[in-house]
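Me: Please take one part of this structure and go through it closely. I am new to it, so explain each term as you use it.

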Amino acid sequence: MKKRPVVVVTRRLPDVIETRMRELFDTRLNLEDEPLSREALAEAMATADVLVPTVTDDIDEALIAQAGPGLKLIANFGNGVDNIDVQAALARGITVTNTPGVLTEDTADMTMALILAVARRIPEGARIIPEGKWTGWSPTWMLGRRITGKRLGIVGMGRIGQALARRAKAFGLSIHYHNRRHVPPKIEAELEATYWESLDQMLARMDIVSVNCPHTPATYHLLSARRLKLMKPDAILVNTARGEVIDEAALTRLIEAGAIAGAGLDVFEEEPAVNPRLVRLAKQGKVVLLPHMGSATHEGRIAMGEKVIVNIRSFIDGHKPPDRVLPGML
């Protein structure tokens, strides 16, 4: 009988996924659902044939150098792979996979929700009644901003950017985007989207900006202090991608100064740590902060787990996993 591969999972996954993985593989689970220490990660990589990490696990070159001879696959439970040094893994003959596509609709939903939450001051309003502060309707109280007719600039027009554009178009927003290249003409026509080759020029003209690009060395602080200063004082910024794409300190300063009207953030540069100044702005109603829950649906997490299982099974059966991450994709 063929020996079952040792699969080490670094965080709790949905029960149905953990059960299936234990049926198929010699699976070692993290029952505490706390991020593994660096020492525990190193031990897992020394003993595993397959490692299943998440976005909270920093699988860097030094850890990969300590990997045991049996480790041949890192099957990331996540769409991005910025938590893994893919080049170092490939150099050691370790295949890396991810779970693309299954989070698109959930993340687009949350992005649209954040746009509405910031523009219409929904979290502020939701606190009024529980805190006993509502004294009745007033014509000039809790005024937000209409989004219909406004310009939405999408930074990164991949699957999630396009899904957001479809939602935003239904809300009457004018769709604009900056991307490494044009999307196909058919999609551009369907979305009535305007392409901006210059990110600077787009930022200066948008009412709402949404970050929907991956974090790579090329996109680190893509929205730098200089670029953020180009935005209109009444514009809002939403980020459901990765915190590192925005210079968070510069964004905080600009909102404090009234140079940007507000922001909706689901991701942060140093998460789970959040800048105390951002928290203060949230208490003032100037920003909406969410705990990285853009893709947090039962359906989405199960679909991610199913993709991980398919990638592992394909690999151990001697086939190329469907979601391999290649150098040209980074």
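Reply: Buried means under 20% relative accessible area, exposed means over 50%, and partly exposed lies in between (1.4 Å probe, protein chains only). The model is predicted, so local features need pLDDT of at least 70 and side-chain atom pairs count only at pLDDT 80 or more, while totals for chains, interfaces and linings use all residues. Residues are numbered from 1 along each chain as its sequence is written, and side-chain values use heavy atoms, with hydrogens and water left out.

Start with helix α2, residues 38-47 (helices are DSSP runs of H or I with at least four residues, strands are runs of E with at least two, and both are numbered from the N terminus). Leu41, Ala42, Ala44 and Met45 of α2 are buried. They lie on the same side of α2, because they span an arc of only 160 degrees around its axis (taken from the directions from the axis to the C-beta atoms). The face turned away from that buried side is another matter. Glu39 and Glu43 sit there, and they are exposed.

What lies over the buried side? The cover of the buried residues of α2 includes β1, β3 and α3 (61-65), where contact means heavy atoms within 4.5 Å.

Now take strand β1, residues 6-9. Its side chains go two ways. Val6 and Val8 point one way. Val7 and Val9 point the other. All of them are buried.

β1 also has partners. In general, strands of a sheet pair through backbone hydrogen bonds, either parallel or antiparallel. Two strands count as paired if DSSP finds at least two bridges between them. Three bridges link β1 to strand β2, residues 26-28, and these two run parallel. In this pair, Val6 faces Asp26 of β2. Three bridges also link β1 to strand β3, residues 50-52, again in parallel. Here Val9 stands opposite Val52 of β3.

Between β1 and β2 comes a helix. This is α1, residues 15-24, and with the two strands it makes a right-handed β-α-β unit. Right-handed means that, with the strands pointing away from the viewer, the path from the first strand over the helix to the second runs clockwise.

So follow β1 through the picture. It pairs with β2. It pairs with β3. It is also part of what covers the buried residues of α2.
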